[in-house]
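Student: I should like to work through the pockets of this structure and then turn to one of its loops. May we begin once the model is displayed?

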Amino acid sequence: MSKYDGTVEAVAAPVIINDKGELLLIKSHKWGDKYLIPGGHIETGETILEAAKREGEEETGLKLEPQYCVNIGELIYDPEYHRKAHLVYFHIVCKATGEVKLDGKELKDFIWINPQKALNFDFVAGVKKSIKNYMNSVKIDIESYTFEKF
C-alpha cells in the first residue's frame, strides 16, 4: 500500500544538463532497467521549479539551477513503474554543477551523455519527448502563485 493509492500524484523531474552540454540519465529500482531522469513528488506549498531542484539535488548530490519547463504530461498506470499510479509530471531543464553522488536509496546507476545520442535509448514514457523539446529549445510557460495560508 502507498499513501498515494487512489490519488493523482504531481511530480517534478529535472532534465539535468552539465557545463559540457551533456544530459544526466539515471536508473531507479522503481522503474526497472530503463534510463530516465530523476524526480519525485511535489510537496505541499512547494512550486514546481522548487520541487524539480530539490528532488534532483537530493537524488544526485548536484547543485541545480532550474531554467524552464520542457514537457508536461501524465503516466496513468504505467506498467514500468513499481506500483499502480496516476502521475502528472513536469520536466524542468536544470543547469548542474558539482559531482554526482547517488543517494543510495532512489538511484542505482547514472551516465552523462550527449542528448542526441540519448535519443537512441529505450526510455520511460515522456522522457524522449523532453529531450527532443530541450534540443529544439521548446519552453513551456508555467506559473506558480503562492498565497498566505489561512
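Student: In this predicted model, how many residues of each class does the lining of the second largest pocket have?

Tutor: The second largest pocket has a volume of about 160 Å³. Its lining consists of Asn18, Asp19, Lys20, Leu62, Ala96, Thr97, Gly98, Glu99, Val100 and Trp112. Gly counts as polar in this scheme. By class, the lining therefore has four nonpolar, three polar and three charged residues.

Student: Which element supplies the largest share of the lining of the largest pocket?

Tutor: The largest pocket holds about 500 Å³ of space. Among the 29 residues that line this pocket, Trp31, Pro38, Gly39, Gly40 and Glu59 are the closest to its centre. At least two lining residues come from each of β1 (8-17), β2 (23-28), β3 (40-41), α1 (48-60) and β5. The largest share, four residues, is supplied by α1.

Student: What is the make-up by class of the lining of the largest pocket?

Tutor: The lining of the largest pocket comprises 29 residues. Sorted by class, these are 16 nonpolar, five polar and eight charged residues.

Student: Is His82 buried, exposed or partly exposed?

Tutor: His82 is located in the loop between β4 (63-76) and β5 (86-97). Its relative accessible area is 45%. Buried requires under 20% and exposed over 50%, so His82 is partly exposed.

Student: How far apart in space are His82 and His29, C-alpha to C-alpha?

Tutor: In sequence, His82 and His29 are 53 residues apart. In space, their C-alpha to C-alpha distance is 8.0 Å.

Conventions. Residues numbered from 1 in each chain as written. Predicted model: local features only at pLDDT ≥ 70, side-chain atom pairs only at ≥ 80, totals over all residues. Heavy atoms only, no water. Buried < 20%, exposed > 50% of the residue type's maximum accessible area, 1.4 Å probe, protein only. 1 Å grid on protein atoms, 1.4 Å probe; cavity = no way out; pocket = protein on both sides within 12 Å on 5 of 7 lines; lining within 4 Å. Points joined across faces, edges and corners; volume = space filled by probe spheres on them.
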